[in-house]
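The following report describes how the secondary-structure elements of one protein chain are arranged and how they pack against one another. It moves from a pair of helices to the sheets, and then to single strands and residues.

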Amino acid sequence: MDLLEYQAKELFREMGIPVLPSQRIDRPKDLKGLTIPYPVVLKSQVYIGGRGRVGGVKFAENTIDAIAAAQTIFNLPIMGEYPKMLLAEAKYDADREFYLAIALNRSVRRPVLLGSQQGGIDVQDAIDQMQHIIVDQEFSPYYARRLAVKMGLRGALIEAVSSVIEKMYHLFVQYDLDLVEINPLGVSASGKVMALDGKVSVNDDALGRHPNLVSLISKLGGNPPDLTGATPVAIDSEGTIGIVCNGAGLTMAILDLVGQAGGKPASFLNIGGETQWDASADLLKQRLERGLEVMGQNKQVRVILVNVISNLVPCDEIADIITAYWQRRAPKVRPLSELRPDTLIAQSNRMPALVVRLLGSQSDRARELLAAVSLPLIDSLDETVTQAVALSKANRTS
């Protein structure tokens with residue numbers, strides 16, 4: 001997940017990276033209470049790059065000009081995205097503009113420091129001038145200075161730029177980030193450096209270790225990753241088995257086993273591993289409840305295979321959700337005298353078979369709950385898969 005510029009600069013400010021005085025603007029009239037002296041620059045807060053080329057960045061000398069510019073920017077879509085807020089920032093006279101970044105390189109599995117004396121909107125054209133240093137041992141200021149020297153810097157600029165690189169690296173490590181970028185790093189005629197724009201990419205899987213980062217995203221109007229939804233992933237238009245698991249590894253293993261047993265998965269739903277940043281008992285149960293409902297609505301699915309291994313939620317609580325779903329969906333047996341034509345049609349609707357395997361505490365109690373609605377709790381993984389495949393084929397021919 002990428003942060004907006006104003007969110008990234010909150011982190012820069014916290015880390016001591018030099019940034020200009022700024023103010024978030026939610027509507028043009030907010031500019032009447034601007035606390036930053038003019039002239040200012042107004043920037044569209046969107047996730048798309050290149051906003052300056054299409055009019056998403058404007059300078060203003062006074063309040064009247066600023067309000068007019070803000071109205072224009074708020075109504076300017078950039079690649080279809082309208083800004084929800086703007087950033088008003090003090091104007092900075094940069095004599096030169098550099099590019100700096102710390103990125104996690106997945107090929108070498110190490111952080112890489114990147115830098116170029118050519119930054120700004122034309123940085124892509126200067127890719128040949130980009131210098132890099134791989135951090136292959138414990139980080140020290142030496143790495144930052146090496147990059148500054150490779151960039152061709154001299155004198156006091158080496159110290160000024162390497163100091164920014166060090167702080168970027170500490171930010172990168174402190175928050176388990178995927179990317180920290182400053183483009184451009186403005187350099188004034190006197191050699192003073194300033195982060196004029198910034199980008200931060202957050203590793204969603206690491207958010208659980210950083211409540212401060214989640215708080216920052218929420219406080220400033222951002223949206224933490226929406227992990228509460230539960231939408232099955234379709235994989236085969238001719239498949240007949242829906243798979244509900246928790247954890248990516250377990251889900252992939254079940255898909256393989258079903259295929260090896262001659263079955264055809266129609267879709268799968270990973271309701272979330274217990275090591276995710278927001279893992280909680282309530283969320284796991286919500287996802288299971290929602291996942292069963294969504295999976296059961298797919299007319300192509302003839303069998304739902306539920307395989308949940310949980311230390312977070314006792315098996316009897318998971319069984320409660322499954323039995324409640326089963327009782328809601330199972331056809332009700334009524335006397336013939338009560339049947340009307342519309343009722344007959346309703347009773348002819350297909351109900352997917354359920355094959356359930358649960359591992360965790362309170363499994364005996366879960367077995368009793370499932371048995372009460374004629375759903376066996378299967379202990380063996382192989383038997384679970386075999387039974388699901390057999391039922392899918394039986395239901396296909398029935």
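## Helix packing

Helices α7 and α8 are roughly parallel to each other, because an angle under 35 degrees counts as roughly parallel and this pair packs at about 30 degrees, with the two axes 10 Å apart. The crossing that α7 and α8 make is right-handed. On the side of α7, which spans residues 281-296, the contact is formed by Lys285, Leu288, Glu289, Leu292, Glu293 and Gly296, and on the side of α8 by Glu317, Ile318, Ile321, Ile322, Tyr325, Arg328 and Arg329. By residue type, this contact of α7 with α8 divides into six nonpolar, one polar and six charged residues.

These descriptions, like those that follow, refer to a predicted model. A second helix pair is formed by α1 (residues 5-15) and α4 (residues 156-174), whose axes come within 10 Å and cross at roughly 115 degrees. That angle makes α1 roughly perpendicular to α4, and the crossing of α1 with α4 is right-handed. Leu11, Phe12, Glu14 and Met15 are the residues of α1 in this contact, and they meet Lys167, His170, Leu171 and Gln174 of α4. The residues of the contact of α1 with α4 comprise four nonpolar, two polar and two charged.

## The chain as a whole

The protein chain contains 11 helices and 15 strands, and buried residues account for 47% of its 398 residues. Of the contacts between residues at least 6 apart in sequence, 68% join residues at least 24 apart.

## The four-stranded sheet

One open sheet has four strands in the order β1-β4-β2-β3, with antiparallel pairing. The strands at its edges are β1 (22-25) and β3 (57-60), each with a single partner strand, so one side of each is left without a neighbour in the sheet. From one strand to the next, the twist averages 25 degrees. Helix α1 packs on this sheet, where it touches β1, β2 and β4, and the direction of α1 makes about 45 degrees with that of β4.

Within the sheet, strand β2 (residues 40-44) pairs with strand β4 (residues 86-90) in the antiparallel sense over five bridges, and Ser44 stands opposite Leu86 in β4. Strand β2 is also joined to β3, by four bridges and again in an antiparallel run, with Phe59 of β3 as the bridge partner of Val41.

How many of the five residues of β2 are buried? Five of the five are buried, and the strand is mostly covered. In a regular strand the side chains alternate between the two faces of the sheet. In β2, Val40, Leu42 and Ser44 lie on one side and Val41 and Lys43 on the other, and as all of them are buried, both faces of the strand are covered.

## The five-stranded sheet and Ser267

Another open sheet has five strands in the order β11-β13-β12-β14-β15, and its pairing is mixed. Its edge strands are β11 (233-234) and β15 (353-359), each of which pairs on one side only. Strand β11 is joined to strand β13 (residues 265-270) by two bridges, and the two run antiparallel; the partner of Ala234 in β13 is Ser267.

Ser267, which lies in β13, has a relative accessible area of 2% and is therefore buried, the cut-off being under 20%. Leaving aside residues up to four places away in sequence, Ser267 touches Pro232, Val233, Ala234, Ile235, Ile241, Gly242, Ile243, Met295, Asn298 and Val301.

## Strand β10 and a summary of pairings

Strand β10 (residues 198-202) has four of its five residues buried, so it is largely enclosed by the rest of the structure. Strand β8 (residues 177-187) is joined to β10 by five bridges, the two strands running antiparallel, and Ile182 stands opposite Gly198 in β10.

The table gathers the strand pairs described above, with one pair of facing residues for each.

| Strand pair | Bridges | Sense | Facing residues |
|---|---|---|---|
| β2 and β4 | five bridges | antiparallel | Ser44 and Leu86 |
| β2 and β3 | four bridges | antiparallel | Val41 and Phe59 |
| β8 and β10 | five bridges | antiparallel | Ile182 and Gly198 |
| β11 and β13 | two bridges | antiparallel | Ala234 and Ser267 |

Definitions and conventions. Residues are numbered from 1 along each chain as its sequence is written. This is a predicted model: local features need pLDDT of at least 70, side-chain atom pairs count only at pLDDT 80 or more; totals for chains, interfaces and linings use all residues. Side-chain values use heavy atoms; hydrogens and water are left out. Buried means under 20% relative accessible area, exposed over 50%, partly exposed in between (1.4 Å probe, protein chains only). Two strands pair if DSSP finds at least two bridges between them. Axes are lines fitted to C-alpha atoms, for helices over the stretch in contact, and angles run from 0 to 180 degrees between N-to-C directions. Angles under 35 degrees count as roughly parallel, over 145 as roughly antiparallel, 65 to 115 as roughly perpendicular and the rest as oblique. A crossing is left-handed if the near helix is turned anticlockwise from the far one by less than a right angle, and right-handed if clockwise. Contact means heavy atoms within 4.5 Å. Ala, Val, Leu, Ile, Met, Phe, Trp, Tyr, Cys and Pro count as nonpolar, Asp, Glu, Lys and Arg as charged, and the others, Gly among them, as polar.
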